[in-house]
Amino acid sequence: MRIAIDCRMITASGIGVFLRETLACMLKTDNIFVLIGNTRTITGLFPYIRQAPGNGTDVNSQTTTIINCDCKPFSVKEMVCFPKRILKQINRCDVYFTPYCNVPCGIRIPIYITIHDIIFPDMPELTSRLGLALRMFFYRRAYAKAQALFTVSRFSKDRIQFYLGCKKPIHVVYDAVSAYLRKQIEPPPVQRTILFVGNIKRHKGLAVLIPAFKKLRQNYPDIELLVVGSAENFRSKDEQINTYLQTGNTEGIRFTGYISDTELQTVYASSALLVQPSLYEGFGLPPLEAMYCGTPALISDIPVFKEIYDGYPVTYFTAGDSSDLYSKLHNFFSHTFPARIHLTEEQKNIYSFEKTAKNILSIFTAASYL
């Protein structure tokens, strides 16, 4: 099968991780791939795809061609006048796959899109009326053009069907832990650190975590809150959190800024506890990543976490409730320290990008026989 894949968002967080890890597994199969994106970026991530002779615009291996594309996702150009030379290559393929809900104009082959979550109509306070209208336009446009959709949880599937309808097949293909975190490392010393990992956005729940942490430090002044994200972005994203930082005591809260995969693995492994206080997620990966590294996870009891982490040794607190979160934190740090998590092989293999890639490819194959 010849498969065109939109790789323009391959370096993004979240969507980019899903694409990179799934693509790495797909490239091991006997299919032929046409990758749409930045040539230098893709070959940097997948160095075994060799540079073809010539002008360097395209990169080829025996089964892979990369078509250089600088047309931005969700741009007017993408929707109105996507480059014809790229469309010509795409339309020679059997299917077109995008890791998000952007679809260029002019594609005549079956289109498969991915919607990881549909948070904005569920939490309209996160954007403006115009922002919500634009997002719903892109969701509906992608839904109308798609042969089928992929998403990363049953929760997200239900919400997509609620807002967009049930006429198109929606396949749940779960997120998973990246390959680098599956590699064994020498366990570092465990620090008295609470870890938060994720994009700095309101629905991630830092406004719930920070007051609980401040109260905890009154009893345990040596505990640190480590936020993997920059303080500058943090202040620009959420005014409620900005108020906490400007008017309250921020002692003990540290922002890492960008850190490498190796550094992140060490941070996961050396932290006493990961807290994921999310108010909304499509999947919510950091708790799973933390447990792979031996670190316990304290997470909000939102529906998607109850789905994804059923059968895992996580502890729940009431979503949005700082008092309950404080109570759970106090209970954790008042007991034997440090506690470690040891996942079974069965738990480690519930979610994997190998399964995700296999499931996606099987949908393409099945559709080709219809």
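**Close-up views of a predicted model**

**View 1. Asp321 caps the N-terminal end of helix H15.** In this predicted model, a side-chain oxygen of Asp321 lies 3.0 Å from the backbone nitrogen of Ser323. Helix H15 covers residues 322-333. How far apart should its ends be, at 1.5 Å a residue? The 12 residues should span 16 Å, and the end C-alpha atoms are 16 Å apart, so the two values agree.

**View 2. Helix H15 packs through its buried residues.** Asp324, Leu325, Tyr326, Leu329, Phe332 and Phe333 of H15 are buried. Which elements do they pack against? The partners are four strands and a helix: E9 (193-197), E12 (273-276), E13 (297-300), E14 (315-317) and helix H9 (206-217).

**View 3. The largest nonpolar core holds 100 residues.** Ile5 and Tyr309 touch the most other members of this core. Helix H1 (residues 15-26) gives the largest share, seven residues. Beyond four places in sequence, Ile5 touches Leu19, Leu23 and Met26. Ile5 also touches Phe33, Val34, Leu35, Ile36 and Phe97. Apart from the largest core lies another, of 25 residues. Among its members are Leu216, Ile223, Val275 and Leu325. In soluble globular proteins, nonpolar side chains tend to be buried together.

**View 4. Strand E7 has buried residues pointing both ways.** E7 covers residues 148-151. Ala148 and Phe150 point one way, while Leu149 and Thr151 point the other way. Buried or exposed? Ala148, Leu149, Phe150 and Thr151 are all buried. In a regular strand, side chains alternate between the two faces of the sheet.

**View 5. Strand E7 pairs with E6 and with E8.** Strand E6 (residues 111-114) runs parallel to E7, with three bridges between them. Tyr112 has Ala148 in E7 as its bridge partner. Strand E8 (residues 170-172) is also parallel to E7, and three bridges join this pair. Here Phe150 stands opposite His171 in E8. What links with E7 and E8 in a β-α-β unit? Helix H7 (residues 154-164) does, and the unit is right-handed.

**View 6. Thr98 sits in the loop between strands E5 and E6.** Strand E5 covers residues 95-97. Thr98 has a relative accessible area of 0%, so it counts as buried. The side chains of Thr98 and Asn102 are joined by a polar contact of 3.3 Å. Which residues further than four places along the sequence does Thr98 contact? They are Asp6, Tyr112, Ile113 and Thr114. Tyr112 is also the bridge partner of Ala148 in E7.

**View 7. Met79 lies in helix H3 and contacts Cys105.** Helix H3 covers residues 76-80. Met79 counts as partly exposed because its relative accessibility is 22%, and the buried class ends under 20%. Met79 and Cys105 are 26 residues apart along the chain, yet their C-alpha atoms are separated by 4.9 Å. Beyond its neighbours within four places in sequence, Met79 also contacts Phe137, Phe138 and Arg141.

**View 8. The whole protein has 17 helices and 14 strands.** Of its 370 residues, 52% are buried. How many of the contacts between residues at least 6 apart in sequence join residues at least 24 apart? The share is 66%.

Conventions. Residues numbered from 1 in each chain as written. Predicted model: local features only at pLDDT ≥ 70, side-chain atom pairs only at ≥ 80, totals over all residues. Heavy atoms only, no water. Core = buried A, V, L, I, M, F, W, Y, C linked by side-chain atoms within 4.5 Å. Buried < 20%, exposed > 50% of the residue type's maximum accessible area, 1.4 Å probe, protein only. Helix = DSSP H or I, 4+ residues; strand = E, 2+ residues; numbered from the N terminus. Contact = heavy atoms within 4.5 Å. Pairing = 2+ DSSP bridges. Right-handed = clockwise from strand over helix to strand, strands pointing away. Expected span 1.5 Å × (residues − 1). Polar contact = N/O pair within 3.5 Å; in protein donor to acceptor, adjacent residues only side chain to side chain.
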